[in-house]
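Trainee: I should be grateful for a close look at one part of this structure, beginning with the residues that are hidden from the surface. Please then relate that part to the rest of the protein.

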Amino acid sequence: MGTRYLLALFLVLLVLGMEVQGASLPQADDPDSPALLARMQESLFEYWNKAKTTALGLYEKTYLPSVDEKIRDMYNKSTAAMSTYTGIVTDQILSLLKGDQ
């Protein structure tokens, strides 16, 4: 499962890198002008939307129901175990705080 996310992250970063290299903004006389800020903001939103779309497409292509089911089962078992151990620790702390009565 981690390999898929690593591959998706790599591809997203690769696409973003290619887009950043290909996009060249013309030099403005005033670097603090609102037009420059608006263009930068617009291009960042475009890159973000492309990255989201690409990542979602990769996730949908590589989605495996059996792996998803295994992950859900592991999550349920681990949360059940953690709640048991949390209960034990809580009881121990409460008995230490109460002391002998």
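**Helix 2 and its surroundings**

Mentor: The buried residues of helix 2 are L36, S43, Y47, A51 and L58. Please keep in mind throughout that this is a predicted model. Helix 2 runs over residues 34-62. Helix 2 contains 29 residues, and the distance from its first C-alpha to its last is 42 Å, close to the 42 Å expected at 1.5 Å a residue.

Two further residues of helix 2 deserve attention, beginning with L56, which also lies in this helix. L56 has a relative accessible area of 48% and is partly exposed, because partly exposed covers the range between the 20% limit for buried and the 50% limit for exposed. Together with Y5, Y59 and Y63, L56 makes a nonpolar surface patch of about 400 Å². L56 can belong to such a patch because a patch takes residues with over 30% relative accessible area, and L56 stands at 48%.

The second residue is T53, which is likewise placed in helix 2. T53 counts as exposed, since its relative accessibility is 57%. T53 and V12 are 41 residues apart along the chain, yet their C-alpha atoms are separated by 9.6 Å. V12 falls within helix 1, which spans residues 2-22.

We may now place helix 2 in the whole protein. The secondary structure consists of three helices and zero strands, and from the N terminus the order of elements is α-α-α. Of the 101 residues, 10% count as buried. The accessible surface amounts to about 8800 Å², and carbon and sulfur atoms account for 65% of this surface.

Helix 3, at residues 65-98, offers a useful companion to helix 2. Helix 3 has 34 residues and reaches 49 Å from its first C-alpha to its last, close to the 50 Å expected at 1.5 Å a residue. After helix 3 comes G99, whose phi is positive, near 80°.

The structure holds two salt bridges. In one of them, the side chains of R72 and D68 meet at 3.2 Å, N to O. R72 and D68 are four residues apart in helix 3, so about one helical turn separates them. The partners sit in unlike surroundings: R72 is exposed at 53% relative accessibility, whereas D68 is buried, with a relative accessible area of 19%. The value for D68 lies just below the cut-off, because buried means under 20%.

The other salt bridge joins K77 and D73, with 3.4 Å between the closest N and O atoms. K77 and D73 are also four residues apart in helix 3, so they too are separated by about one helical turn. K77 is exposed, at 55% relative accessibility, while D73 is partly exposed, with a relative accessible area of 38%.

Finally, a word on confidence is in order. The mean pLDDT of the protein is 81, and 82% of its residues reach 70 or more. Confidence is highest in helix 3, at a mean of 90, and lowest in helix 1, at 73. The salt bridges described above join residues of helix 3, the element of highest confidence. The separation of T53 and V12, by contrast, involves a residue of helix 1, the element of lowest confidence.

Conventions
Residues are numbered from 1 along each chain as its sequence is written. Side-chain values use heavy atoms; hydrogens and water are left out. A salt bridge is a side-chain nitrogen of Lys or Arg within 4 Å of a carboxyl oxygen of Asp or Glu. Helices (H or I, at least four residues) and strands (E, at least two) are DSSP runs, numbered from the N terminus. Buried means under 20% relative accessible area, exposed over 50%, partly exposed in between (1.4 Å probe, protein chains only). Patches are made of residues with over 30% relative accessible area and no salt bridge: like charges are joined within 9 Å, nonpolar side chains (Val, Leu, Ile, Met, Phe, Trp, Tyr) within 5 Å. Accessible areas come from the Shrake-Rupley method with a 1.4 Å probe; for residues, only the protein chains shown count as cover. The expected span of a helix is 1.5 Å times one less than its number of residues. pLDDT is the predictor's confidence in each residue, from 0 to 100.
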